[in-house]
Amino acid sequence: MQTIQKERVHFAFCPEQPPQARGRSGEIFLFECQDCYCGQLNEDGMDFSQMDMSRNNPATGPLYIEDAMPGDILRVEILDIKIAAEGAMCARDGAGVYQIEGCHCRRFSVEQGEILFDKGIRLPVRPMIGVIGTAPAQGSVPSTWPGEHGGNLDIRELNAGTTLYLPVNVPGALLSMGDLHALQGDGETAICALEMEGQVTVKADVLKGRKDIPTPFLTTKTHYITTAADPSLDVCNVKAARKMHRFLQEHAGLTDAQAGLLLSLAGDLRVSQVVNPAKGCMMVFPRGLAGEQFDR
Ligand code: CA
Ligand code: CA
C-alpha cells in the first residue's frame, strides 16, 4: 500500500498540479491528511487573527492513476478513516449563519469514540472526509469550493464504507483529499466541523464507458446519493434532485413521471452545507427500492 504523506498538500484542484504519487487502478492508497487549518489552531482559546488563512483546506495529493483517461469514472471506495485524539473548531461572527460575539477558537478531545464537548455533552464521532476530488478539465478551483470535480463537498456520508464516484477530466485523474471531520451536521452551519488530522485508506478503480453515473455520486450500504453545488441554494437543490431523477429513469426503467412521483414519496432532498462559496445539496434515495441495476 502506498502512503501519500501529509506534507504533500495543495490548495487548488487544477490539471497542472504536480502528482505526488503514482499508482494503478485497483490499488489501495493511504492519504495522510492535515486538518483544515494546517495544524495552526493548536491551542484552546488562541487568537484567530494569528492564523494564516491562505493555508485553509490543504488537500493531500494529487495521486496520478496510470489507467485513468478523460471520460472515465474514478470509483473511490473509502475503506477506513482514522482521526487524531483531538480536533479544532472556531466560532466567530460572520463565519456561518450565526451572529456570535467575538471569536472563539476551541479544541475538543475525542475519547473512546466520543467528542467531549462543553457542559458534559458527549457526541459519538462519525469520521468523514470534507474535501475529496479530481482535477477539473481546465482552470483552477480553490480547495474551499465544491463543484462537479468534487472538492469541498462536506457531505456527512463520506465515511468508511461509502463509495464515491468522481469524473476523470485529465489523464491520471489527479485525486486529492483532506479536511477530515470527526463529526458534522447537515449544513455545517458555523462553517466548521470538528476539524481533524488523520489518515484515509481508499481503493481507487477506473471505470471505462460509464456515462450513466451522475458524478459526484455516492453509494452507501443503504442509499444512493446525487450531489450538486451552486452559489444559489435554490439552483443547487433542483440540480441534485434532477440528477437522481435521471438516474432512476436510466437504472430502474421508470418513466419521467414515475421517477418524479417516486422521488416525491421516498427521496430525501437534503442540504449538505450552506457555508462554502458554492452551497451543497443532495438527493438521497434508498437502494433496491425500485429494482434498479447499478453495480455492474
Ligand atoms: Ca470543508
Ligand atoms: Ca472542515
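Colleague: Donors are N, O and S atoms within 2.8 Å of the metal (3.2 Å for Na, K and Ca), with water not among the atoms, so sites may look incomplete. How far apart are the calcium ion (ligand 1) and the calcium ion (ligand 2)?

Modeller: The two calcium ions, ligand 1 and ligand 2, are 3.4 Å apart, and Asp-179 coordinates both of them. Bear in mind that this is a predicted model, where local features need pLDDT of at least 70 and side-chain atom pairs 80 or more, while totals for chains, interfaces and linings use all residues. Residues count from 1 along each chain, chains are lettered from A and ligands numbered from 1 as written, and side-chain values use heavy atoms, without hydrogens or water.

Colleague: Which protein donors does ligand 1 have?

Modeller: For the calcium ion (ligand 1), the protein donors are Asn-152 through OD1, Asp-154 through OD, listed twice, and Asp-179 through OD, and they lie 2.2 to 2.4 Å from the ion. Along the chain, the donors of this calcium ion (ligand 1) follow the spacing N-x1-D-x24-D. Asp-154 sits in the loop between strand S15 (150-152) and strand S16 (163-167), whereas Asp-179 belongs to strand S17 (residues 173-181), so the pair ties together parts that are 25 residues apart in sequence. Strands here are DSSP runs (E, at least two residues), numbered from the N terminus.

Colleague: And are Asp-154 and Asp-179 buried or exposed?

Modeller: Asp-154 is buried, with a relative accessible area of 1%, and Asp-179 is buried too, at 3%. Buried means under 20% relative accessible area, exposed over 50%, and partly exposed in between (1.4 Å probe, protein chains only).

Colleague: Different topic: where is Thr-60, and what does it touch beyond its neighbours in sequence?

Modeller: Thr-60 is in strand S6 (residues 59-65), and it is buried, with a relative accessible area of 1%. Once its neighbours within four places in sequence are set aside, Thr-60 is in contact (heavy atoms within 4.5 Å) with a number of residues, among them Ile-4, Val-9, Phe-31, Glu-32, Cys-33, Leu-175 and Met-177.

Colleague: Now the charged residues: how many salt bridges are there?

Modeller: Searching the whole structure gives 17 salt bridges, each a side-chain nitrogen of Lys or Arg within 4 Å of a carboxyl oxygen of Asp or Glu. One of them joins Glu-66 to Arg-22, with the closest N and O atoms 3.9 Å apart. That pair links distant parts of the chain, since Glu-66 is in the loop between S6 and strand S7 (73-83) and Arg-22 is in strand S4 (residues 21-23), 44 residues apart.

Colleague: How exposed are Glu-66 and Arg-22?

Modeller: Glu-66 counts as partly exposed at 34% relative accessibility, and Arg-22 is also partly exposed, with a relative accessible area of 45%.

Colleague: Which residue does Asp-118 pair with?

Modeller: Asp-118 forms a salt bridge with Arg-106, where the closest N and O atoms are 2.8 Å apart. Asp-118 lies in the loop between strand S10 (114-116) and strand S11 (122-124), while Arg-106 lies in strand S9 (residues 103-111), 12 residues apart. Asp-118 is partly exposed at 30% relative accessibility, as is Arg-106 with a relative accessible area of 24%.

Colleague: And what about Asp-205?

Modeller: Asp-205 bridges to Lys-203, the closest N and O atoms being 2.7 Å apart; Asp-205 counts as buried at 10% relative accessibility, whereas Lys-203 counts as partly exposed at 23%. Elsewhere, salt bridges that share partners join Arg-156, Glu-157, Asp-186 and Arg-270 into one network.

Methods: Helix = DSSP H or I, 4+ residues; strand = E, 2+ residues; numbered from the N terminus.
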